[in-house]
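Good morning, colleagues. I would like to take a few minutes to go through one protein–ligand model with you. Please look at the display before I begin.

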Amino acid sequence: MMLPPSAGVIGWPVAHSKSPIIHRFWLNKLGLDGDYGRFPVHPDNLGTAIRALPALGLRGVNVTIPHKVTTMAHLDAVDPLCTRAGAVNTVVVNTDGSLSGYNTDVIGVAEPLRALGVPRQAYPNHVATYVQIIGAGGAARAAIVGAIAAGYGDFEIFARSTEKAKPLAELAGAPFGEALPLGRLRPTRNDDDGRDDQRYSHVVINATSMGMVGNDPVQIDLTHYYPDTIVFDMVYAPLETPLLAAARARGLRTIDGLQMLVAQAAAAFELFYGVAAPRGHDDELRAILVNA
Ligand code: NAP
């Protein structure tokens with residue numbers, strides 16, 4: 001008997017996850033008889049839960065906090081992007097029952113960056129865009145790998161602990177990755193540039209929970225950033241974080257956390273259900289997510 005395709009999300013806790021809304025929305029739009037559930041899995045039970053996926057008849061699961069790193073040890077194969085990012089956020093059950101890991105957070109970063117165009121070239125063969133990553137956790141690693149996939153190459157990683165930022169600077173690749181204390185977060189400018197010089201630009205990515213409801217905002221003065229700076233906030237509750245509000249007030253380009261969430265989910269949807277997510281309905285989906 002052919003079962004309807006089902007997938008889900010595992011995490012601890014997982015009640016807050018918006019992934020079921022997104023996947024069910026797309027299943028519905030495609031008229032597919034499938035489902036997507038929430039599975040709270042305590043860290044002590046992670047291996048048992050992952051190994052049970054084939055027996056449960058699931059096509060796969062998304063993996064959220066706190067399992068993104070530890071899940072890798074329970075898989076038969078991992079995509080090279082997972083190895084680089086050091087984490088998986090999607091597990092796929094293959095037809096032979098083996099388990100493969102993917103990191104679609106990387107795609108969630110790369111897709112909206114690519115949509116804003118190619119990185120700025122100051123000189124032939126030289127990309128003059130400084131990518132400033134705030135944070136040194138799993139999302140920050142995905143931000144680096146995703147931005148590299150989108151064509152960026154010059155990284156500054158700002159964290160409370162420079163020690164924690166150093167491995168990320170290495171991931172970005174010497175000599176283009178630098179670990180810096182959070183207090184040093186300000187634009188990297190060249191002495192001979194005027195205020196609105198367009199030879200250089202920035203991408204600023206918040207990969208921490210700063211700015212989330214109940215948390216302090218990112219402390220940053222955007223006044224002296226180049227005018228074509230892209231400010232990307234992974235936080236999506238609220239959708240308009242203080243960081244994004246300040247960027248819009250300054251006329252800078254922005255990417256919000258929902259754009260990333262939907263882009264990473266679309267890549268996972270295709271892996272689970274074997275068809276592309278119907279992205280023509282993104283505006284309707286965003287309105288549903290904002291009100292959820
Ligand atoms: P994580 O592994 O726990 O890392 C969090 C990072 O944020 C750590 O470097 C931590 O610093 C730093 N941090 C937290 N609070 C801070 C503060 N007040 N000041 C300075 N640094 C602070 O978490 P994660 O998985 O990387 O996720 C980070 C954020 O990205 C979360 O808000 C998550 O919701 C978001 N995210 C969004 C999407 C999306 O699709 N939009 C996808 C993935 C993640 P310490 O190490 O010093 O504690």
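I shall speak first about the overall fold, then about the ligand and its surroundings, and finally about two peptide bonds.

Please keep in mind throughout that this is a predicted model. The protein contains nine helices and 14 strands. Along its principal axes, the C-alpha trace spans about 70 × 40 × 40 Å. How does the radius of gyration agree with that of a compact globule? For 292 residues, a compact globule would be expected to have a value near 19 Å, and the protein has 19 Å, so the two agree.

Let me turn to the ligand. Where does the ligand sit? Its place is in the largest pocket. Two elements each give two or more residues to the shell around the ligand, namely α5, residues 138-149, and α8, residues 257-273. Of these, α8 provides the largest share of the shell, with three residues.

The shell comprises 22 residues in total, and those that come nearest to the ligand are Ala-136, Ala-139, Arg-160, Lys-164 and Met-234. What is the composition of this shell by class? Twelve of its residues are nonpolar, six are polar and four are charged.

I now come to individual polar contacts. Arg-160, already named among the nearest residues, has a side-chain N or O atom 2.8 Å from an oxygen atom of the ligand. The backbone takes part as well: a polar backbone atom of Gly-257 is 3.0 Å from a nitrogen atom of the ligand. At Leu-261, a backbone N or O atom lies 3.4 Å from a ligand oxygen atom. As for surface area, the ligand taken alone exposes 930 Å², and the protein buries 74% of that.

My last topic is the peptide geometry. Which residues are joined by cis peptide bonds? One such bond joins Ile-65 and Pro-66, with omega about 10°. Pro-66 belongs to the loop that runs between β3, residues 60-63, and β4, residues 77-78. Another cis bond joins Ala-237 and Pro-238, and there omega is about 5°. Pro-238 is likewise in a loop, here between β13, residues 230-233, and α7, residues 242-249.

To recapitulate, the ligand occupies the largest pocket, with 74% of its exposed area buried by the protein, and polar contacts to it come from Arg-160, Gly-257 and Leu-261. Thank you for your attention.

How values were computed:
Residues are numbered from 1 along each chain as its sequence is written. This is a predicted model: local features need pLDDT of at least 70, side-chain atom pairs count only at pLDDT 80 or more; totals for chains, interfaces and linings use all residues. Side-chain values use heavy atoms; hydrogens and water are left out. A residue is near a molecule or strand if one of its heavy atoms lies within 4 Å of it. A polar contact is a pair of N or O atoms within 3.5 Å; within protein, one must be able to donate a hydrogen and the other to accept it, and residues adjacent in sequence count only if both atoms are side-chain atoms. Accessible areas come from the Shrake-Rupley method with a 1.4 Å probe; for residues, only the protein chains shown count as cover. On a 1 Å grid over the protein atoms alone, a cavity is a set of points where a 1.4 Å probe fits but cannot get out, and a pocket is an open set with protein on both sides within 12 Å along at least five of seven lines; lining residues have an atom within 4 Å of a point. A molecule sits in a cavity or pocket if more than half of its atoms lie within 2 Å of its grid points. Helices (H or I, at least four residues) and strands (E, at least two) are DSSP runs, numbered from the N terminus. Ala, Val, Leu, Ile, Met, Phe, Trp, Tyr, Cys and Pro count as nonpolar, Asp, Glu, Lys and Arg as charged, and the others, Gly among them, as polar. The radius of gyration is taken over C-alpha atoms; the globule rule is 2.2 Å times the number of residues to the power 0.38.
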